[in-house]
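Please open the structure in your viewer and keep the selection panel handy. Here is a short tour, stop by stop.

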Amino acid sequence: MKKGFGKKVFAAICVALILFACIKIIPLFTEYFSDSAYDGSERVFTVEKGSNYKSIGQKLEDENILKSKYTFMIKYRMNSSEYGEFKYGDYVLKGDMSLDDIIKTLTSNPMSGNVITVTIPEGFSVDLIAQRMENSGICTYDEFIDAAKKDIYNYEFLKFSQNPDSIYKLEGFLFPDTYEFYDVITAEGVINAMLSKFESVYLETVGSYDNFYKIMTIASLIEREAELSSERPVISGVIYNRLGIDMLLQIDASVIYGKTYGKYDMEVVLNKDLEDDSKYNIYKNKGLPPGPICNPGKESIYAAANPVSHDYLYYHTDENKNDGSHIFTKTFDEHLETMN
């Protein structure tokens with residue numbers, strides 16, 4: 001073996017080690033000594049009963065609060081006598097907290113006060129959620145809307161939702177559920193709780209972020225169209241069939257969303273509304289609207305990712321049954337016939 005070759009191998013190993021240090025080790029040192037280890041928005045972090053510094057560190061990493069659990073674990077182990085024990089409960093973590101600030105917070109007394117329970121129904125828009133939060137006494141309508149417009153939330157799925165024509169960037173991702181909040185929580189903390197819940201439900205339901213924005217936009221259309229769980233995958237199939245042949249979707253709910261900015265305070269779509277220039281007018285514009293038109297539940301998300309395969313292109317409410325069900329047809333003539 002030539003001496004020059006050995007030197008080249010050694011140099012290559014050194015370069016690799018330096019690159020590894022830059023990629024893996026240096027960020028840990030930066031986070032360890034940074035004055036703002038957590039640079040996200042205000043959120044509630046829960047320490048579960050029985051947690052230790054290892055499980056808490058893992059949860060901080062999983063929830064994208066810290067880049068690495070190891071910085072947290074090392075910091076705590078080196079100063080555990082100074083910090084004291086962790087206490088289970090809910091804590092508010094604010095932006096620009098250092099690692100030291102986070103540990104001191106999680107070893108102090110948890111939040112206390114009045115707990116407010118609020119239920120967000122499936123199909124609520126950002127606007128309707130804001131109104132529900134104000135009615136529940138959690139925050140004002142304006143505070144919630146202002147918080148929803150901020151570009152401060154750190155979730156991977158938000159990288160896929162960048163359509164500039166959508167009314168709210170977070171529309172579709174505030175998961176509908178029943179929540180319990182302390183009355184000291186801010187609108188940003190509420191939104192973070194809903195985004196975090198959405199993230200876990202979506203990954204559990206779909207498994208990956210492939211075609212994420214398309215799936216969530218279709219899920220929102222399904223949520224506003226379907227009343228029966230059994231019909232959600234069928235309606236999903238109709239939407240995909242129409243998209244597949246470049247056919248107008250012609251869904252009233254999207255028109256209403258665009259006209260009312262998500263307030264949904266109009267019930268009937270008139271002919272003049274179908275001439276509206278809104279990008280959400282999918283009687284006029286082919287393809288999907290710019291983004292989700294509401295915040296769908298788990299069943300609609302699943303249906304959007306798993307449409308039933310069929311040849312239907314049309315559906316309408318079954319007025320005879322009057323139970324929220326629909327009649328599905330393949331041709332426009334069949335569609336008209338079944339409406340009589």
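Where does Tyr 264 lie? Select Tyr 264 and you will land in the loop between H11 and H12. Before going further, please keep in mind that this is a predicted model.

**Stop 1: the loop between H11 and H12**

Stay on Tyr 264 and check its backbone: phi is near 55°, a positive value in a residue other than glycine. Most residues other than glycine have a negative phi. Tyr 264 has a relative accessible area of 14%, so this residue counts as buried. Now select Tyr 261, which is found in the loop between H11 and H12. Tyr 261 has a positive phi of about 55° although it is not a glycine.

Next, in this loop, pick Asp 273 and show its side chain together with that of Lys 259 in helix H11. The two side chains meet in a salt bridge, at 3.5 Å from N to O. This pair links distant parts of the chain, 14 residues apart. Which partner is buried? Asp 273 is, because its relative accessibility is 5%. Lys 259, with a relative accessible area of 35%, is partly exposed.

**Stop 2: more salt bridges**

How many salt bridges does the structure hold? There are 15, and two further examples are worth a click.

Select Glu 299 and Arg 232, which form a salt bridge whose closest N and O atoms are 3.4 Å apart. Glu 299 lies in helix H12 (residues 298-305) and Arg 232 in helix H10, so this pair ties together parts that are 67 residues apart in sequence. Colour them by accessibility: Arg 232 counts as buried at 6%, while Glu 299 is partly exposed at 43%. Now add Glu 223 to the selection, and you have a network of salt bridges that links Glu 223, Arg 232 and Glu 299.

For the other example, go to Asp 277 and Lys 284. Their salt bridge brings the closest N and O atoms to 2.8 Å apart. Asp 277 is exposed, with a relative accessible area of 64%, and Lys 284 is partly exposed at 40%.

**Stop 3: the largest pocket**

Switch on a surface and select Glu 225, Asp 252, Tyr 315, Thr 317 and His 326. Of the 26 residues that line the largest pocket, these lie nearest its centre. Which elements give two or more residues to this lining? They are helix H9 (212-225), helix H10 (232-244), helix H11 (252-260), strand E5 (314-317) and helix H13 (332-338). E5 gives the most, with 4 residues. The volume of the largest pocket is about 740 Å³. Colour the lining by class and you will find 13 nonpolar, 7 polar and 6 charged residues.

**Stop 4: the second largest pocket**

Now centre on Val 44, Thr 46, Glu 180, Phe 181 and Ala 193. They lie nearest the centre of the second largest pocket, which is lined by 20 residues. Strand E1 (43-47), strand E4 (178-182) and helix H8 (187-205) are the elements that give two or more residues to its lining. E4 gives the most, with 5 residues. The volume here is about 460 Å³. By class, the lining of the second largest pocket has 8 nonpolar, 4 polar and 8 charged residues.

**Stop 5: a cavity**

How many cavities of 30 Å³ or more does a search of the whole structure find? The search finds 1, and about 30 Å³ of space lies in it. To see what surrounds this space, select Tyr 38, Gly 40, Ser 41, Arg 43, Ile 152, Asn 154 and Asn 192, which line the largest cavity. By class, these residues divide into 2 nonpolar, 4 polar and 1 charged.

**Stop 6: a surface patch**

For the last stop, select Tyr 70, Ile 74 and Met 78. They make a nonpolar surface patch of about 340 Å². Zoom in on Ile 74, which is found in helix H3 (residues 69-78). Is Ile 74 buried or partly exposed? Ile 74 counts as partly exposed, because its relative accessibility is 45%.

Technical notes:
Residues are numbered from 1 along each chain as its sequence is written. This is a predicted model: local features need pLDDT of at least 70, side-chain atom pairs count only at pLDDT 80 or more; totals for chains, interfaces and linings use all residues. Side-chain values use heavy atoms; hydrogens and water are left out. Patches are made of residues with over 30% relative accessible area and no salt bridge: like charges are joined within 9 Å, nonpolar side chains (Val, Leu, Ile, Met, Phe, Trp, Tyr) within 5 Å. Accessible areas come from the Shrake-Rupley method with a 1.4 Å probe; for residues, only the protein chains shown count as cover. A salt bridge is a side-chain nitrogen of Lys or Arg within 4 Å of a carboxyl oxygen of Asp or Glu. Buried means under 20% relative accessible area, exposed over 50%, partly exposed in between (1.4 Å probe, protein chains only). On a 1 Å grid over the protein atoms alone, a cavity is a set of points where a 1.4 Å probe fits but cannot get out, and a pocket is an open set with protein on both sides within 12 Å along at least five of seven lines; lining residues have an atom within 4 Å of a point. Grid points are joined across faces, edges and corners, and a volume is the space filled by probe spheres set on the points. Ala, Val, Leu, Ile, Met, Phe, Trp, Tyr, Cys and Pro count as nonpolar, Asp, Glu, Lys and Arg as charged, and the others, Gly among them, as polar.
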